[in-house]
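The following account leads the reader through a single model, beginning in its interior and moving outward to its helices, its backbone and its cross-link.

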Amino acid sequence: MPTTPAPTPAPIAPPPEAKPQCFSIGPFADTAAAAEARAKLQPLAQKLATRTQAGTSNARGWRVYMPQASAEAAQATAQRIRAAGFSDLFVMSGSEANAIALGRFRSEESARKRGAELSAAGFTARVEALGESGEGPTWIDVATTTSNGDALRRAAGASRWRGRSCAGLG
């Protein structure tokens, strides 16, 4: 009887590389808290990116104003503004002494329109959101093959997580 040769074993294929999942972890109130969380997430992630949202989403309105160096400068500038046809203004006192208030608005569009009108008349006014200043909350975007969103949230000490597309992450 002829002997059949032993079958050659099939080559062992390497395990397929796990596809990363991506999450946003946060929000962090400031860059220091985000930096601390980022250090904690580093060992769990293949990629990390930090992003800060614009700070105007929770605005309670908008204001237009002009800071001035002194009470005398504020009064003189207020007179020039009135002479240019703007009557809705006042010189502020207290913590913002010597600034000239030029309007409070519900919408950013209305405030920017007022700022543009003042600019066209030769005045440089500031337009800013009320109720929230500076940058908004910071989120850390994470690509990982080893953790899930809740584990990342706990590791970072964050209050929330959400899935996100991995496209464009670092």
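**From the core outward**

In this predicted model, the largest nonpolar core comprises 16 residues, of which V64, I81, L89, I100, L102 and L118 touch the most other members. Several elements build this core: β3, α2, β5, α3 and β6 each contribute at least two residues. Apart from it lies another core, made up of 13 residues that include F23, A37, A45 and A156.

V64 shows how the larger set is connected. Leaving aside residues up to four places away in sequence, V64 touches I100, A101, L102, G103 and F105, as well as A111, R114, G115 and L118, and finally A125, R126 and V127.

The overall architecture gives these cores their setting. The chain contains four helices and eight strands, and from the N terminus on these elements follow the order β-α-β-β-α-β-β-α-β-β-α-β. Among contacts with a separation of 6 or more, 79% involve residues 24 or more positions apart. Of the 170 residues in the chain, 32% count as buried. The accessible surface of the chain amounts to about 10900 Å², and carbon and sulfur atoms account for 52% of that area.

Helix α3 may be considered next. At 1.5 Å a residue, the 13 residues of α3 (residues 108–120) should span 18 Å, and the end C-alpha atoms are indeed 18 Å apart, in agreement with that expectation. Which residues of α3 are buried? They are A111, R114, G115 and L118. Because these residues cover an arc of only 100 degrees around the axis, they lie on the same side of α3. The face turned away from this buried side carries the exposed residues E109, K113 and A120. The buried residues of α3 pack against β3 (61–66), α2 (71–83), β5 (100–105) and β6 (126–130). After α3 comes G122, with a positive phi near 95 degrees.

Helix α1 can be read in a similar manner. Its buried residues are A34, A37 and L41. They cover an arc of only 65 degrees around the axis, and are therefore placed on the same side of α1. On the face of α1 turned away from its buried side are the exposed residues A32, E36 and A39. Against which elements do the buried residues of α1 pack? Their partners are β1, β2 (47–52), β7 (138–144) and α4 (149–156). A37, one of the buried residues of α1, is also among the members of the core of 13 residues.

Just before α1 stands D30, in the loop that lies between β1 (21–28) and α1 (31–41). D30 is partly exposed, with a relative accessible area of 40%. Although 108 residues separate D30 from T138 in sequence, their C-alpha atoms are 6.6 Å apart in space.

Two features of the backbone deserve attention. Most residues other than glycine have a negative phi, and most peptide bonds are trans. Against that background, the peptide bond from G26 to P27 is cis, with omega near -15 degrees. P27 itself is found in strand β1. N98, a residue other than glycine, has a positive phi near 80 degrees. This residue lies in the loop between β4 (90–91) and β5. Is N98 buried or exposed? Since the cut-off for burial is under 20% relative accessible area, N98 counts as buried at 19% relative accessibility.

The final topic is the cross-link. A disulfide is a covalent bond between the sulfur atoms of two cysteines. A search of the whole structure finds one disulfide, which joins C22 to C166 with an S to S distance of 1.8 Å. The link of C22 and C166 is right-handed, with 110 degrees about the S-S bond. C22 lies in strand β1, whereas C166 belongs to the segment after β8 (160–163), so the pair ties together parts that are 144 residues apart in sequence. The two cysteines fall into separate accessibility classes: C22 is buried, with a relative accessible area of 5%, while C166 counts as partly exposed at 34% relative accessibility.

Notes: Residues are numbered from 1 along each chain as its sequence is written. This is a predicted model: local features need pLDDT of at least 70, side-chain atom pairs count only at pLDDT 80 or more; totals for chains, interfaces and linings use all residues. Side-chain values use heavy atoms; hydrogens and water are left out. Buried means under 20% relative accessible area, exposed over 50%, partly exposed in between (1.4 Å probe, protein chains only). Contact means heavy atoms within 4.5 Å. Accessible areas come from the Shrake-Rupley method with a 1.4 Å probe; for residues, only the protein chains shown count as cover. The expected span of a helix is 1.5 Å times one less than its number of residues. The arc is that of the directions from the helix axis to the C-beta atoms. A nonpolar core is a set of buried Ala, Val, Leu, Ile, Met, Phe, Trp, Tyr and Cys residues joined through side-chain atoms within 4.5 Å. A disulfide is a pair of cysteine sulfur atoms within 2.5 Å.
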